[in-house]
Amino acid sequence: FVNEDQPAAAHASPSGGPSTMRAILFTDIEGHTSMMQRLGDERGRAVLREHERITRETLRAHVGTEVKTMGDGFMASFGSVSSAAECAVALQRAFAARAGSEPIAVRIGLNAGEPIAEDDDLFGASVILVARIAGQAHGGEILCSDVVRGLLAGKEFLFSDRGDVALRGFEDPVRLYEVSWREG
């Protein structure tokens, strides 16, 4: 998902305009490799197709743009942090409510910033950070950066402080918050 070696000189969006503030959502299926080994290629791919369908439908419903998918996860961008958080909650609820013999436990990370947009892809520190945040989550969790929590102030989201976490490639620890999505 993340190209850490991308040159920083390209600051234009695919349409040639300047970089813009975006909320970035990153997902990853927990235990994907073991699931594929257990189910085999054909049955495992059927589960992945269902994951892709649910994710794409939920992204469309929340005006998210699919940036890319890499088999067991997605990167998407949003013009609104609220829409990204609402989409993350809707994704977790959809996967939890899904009927099927094979559960799909998705880890979700949220961040916001001004990534480099180039060739219909996103690059830069905000993208690398969201990938690292998602990597800290467990299946069924949504973790977000302090930036996202701050931008959602006054909205109807509940957060649990997960504390400062050292993330590979970042000099300073990053404050993470879990976004509550379960009702009740």
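**Salt bridges, strands and buried charges**

Glu-50, Arg-53, Glu-57 and Arg-98 are linked in a network of salt bridges. The model is predicted.

Trainee: How many salt bridges does the structure hold?

Mentor: One network of salt bridges links Glu-50, Arg-53, Glu-57 and Arg-98. A salt bridge also joins the side chains of Arg-107 and Asp-28. For the structure, the number of salt bridges is twelve.

Trainee: In which helix do Glu-50 and Arg-53 lie?

Mentor: Glu-50 and Arg-53 form a salt bridge, with their closest N and O atoms 3.9 Å apart. The two residues are three apart, about one turn of the helix. Both lie in helix H1, residues 32–61.

Trainee: Why are Arg-53 and Glu-57 separated by about one helical turn?

Mentor: The side chains of Arg-53 and Glu-57 meet in a salt bridge, at 3.2 Å from N to O. Their separation is about one helical turn because, within helix H1, they are four residues apart.

Trainee: Is Glu-57 buried or partly exposed?

Mentor: Buried requires under 20% relative accessible area, and exposed over 50%. Glu-50 has 23% relative accessibility and so counts as partly exposed. Arg-53, at 41%, also counts as partly exposed. Glu-57 has a relative accessible area of 38%, so Glu-57 is partly exposed.

Trainee: Which strands does the salt bridge between Arg-107 and Asp-28 link?

Mentor: The side chains of Arg-107 and Asp-28 meet at 2.1 Å, N to O. The pair links distant parts of the chain, 79 residues apart. Arg-107 is in strand E4 and Asp-28 is in strand E1.

Trainee: Is Asp-28 buried or exposed?

Mentor: Asp-28 points one way from E1 together with Arg-22, Ile-24 and Phe-26. The cut-off for buried is under 20% relative accessible area. Asp-28 has 15% relative accessibility and therefore counts as buried.

Trainee: How many residues of strand E1 are buried?

Mentor: Strand E1 covers residues 22–29 and is mostly covered. Ala-23, Leu-25, Thr-27 and Ile-29 point the other way from Arg-22, Ile-24, Phe-26 and Asp-28, and all are buried. The number of buried residues in E1 is eight of eight.

Trainee: Which residue in E4 stands opposite Leu-25?

Mentor: E1 and strand E4, residues 106–113, pair in the antiparallel sense. The pairing runs over eight bridges. Opposite Leu-25 in E4 stands Leu-110.

Trainee: In E3, what is the bridge partner of Ala-23?

Mentor: E1 also pairs with strand E3, residues 74–78. That pairing is antiparallel and has four bridges. The bridge partner of Ala-23 in E3 is Phe-78.

Trainee: With which side chain does Lys-68 make a polar contact?

Mentor: Lys-68 is found in strand E2, residues 65–69. At 17% relative accessibility, Lys-68 counts as buried. Its side chain makes a polar contact, at 3.0 Å, with the side chain of Asp-121.

Trainee: In which strand is the place of Asp-121, and which residues is Asp-121 in contact with, leaving aside its neighbours within four places in sequence?

Mentor: Asp-121 has 16% relative accessibility and so counts as buried. The place of Asp-121 is in strand E6, residues 121–123. Leaving aside neighbours within four places in sequence, Asp-121 is in contact with Val-67, Lys-68, Met-75 and Ile-116.

Trainee: What distance separates the C-alpha atoms of Lys-68 and Phe-26?

Mentor: Phe-26 is one of the buried residues of E1, while Lys-68 belongs to E2. Along the chain, Lys-68 and Phe-26 are 42 residues apart. Their C-alpha atoms are separated by 9.8 Å.

Trainee: Which residues make the nonpolar surface patch of about 260 Å²?

Mentor: One residue of the patch is Leu-151, whose place is in helix H4, residues 146–151. Leu-151 counts as partly exposed because its relative accessibility is 44%. The patch is made by Met-21, Val-147 and Leu-151.

Trainee: What percentage of the 184 residues in the chain is buried?

Mentor: The chain has four helices and nine strands. About 9,300 Å² is exposed by the chain, with carbon and sulfur atoms supplying 48% of that area. Among contacts between residues at least 6 apart in sequence, 68% join residues at least 24 apart. Of the 184 residues, the buried share is 48%.

Conventions. Residues are numbered from 1 along each chain as its sequence is written. This is a predicted model: local features need pLDDT of at least 70, side-chain atom pairs count only at pLDDT 80 or more; totals for chains, interfaces and linings use all residues. Side-chain values use heavy atoms; hydrogens and water are left out. Buried means under 20% relative accessible area, exposed over 50%, partly exposed in between (1.4 Å probe, protein chains only). Two strands pair if DSSP finds at least two bridges between them. A polar contact is a pair of N or O atoms within 3.5 Å; within protein, one must be able to donate a hydrogen and the other to accept it, and residues adjacent in sequence count only if both atoms are side-chain atoms. Patches are made of residues with over 30% relative accessible area and no salt bridge: like charges are joined within 9 Å, nonpolar side chains (Val, Leu, Ile, Met, Phe, Trp, Tyr) within 5 Å. Accessible areas come from the Shrake-Rupley method with a 1.4 Å probe; for residues, only the protein chains shown count as cover. A salt bridge is a side-chain nitrogen of Lys or Arg within 4 Å of a carboxyl oxygen of Asp or Glu. Contact means heavy atoms within 4.5 Å.
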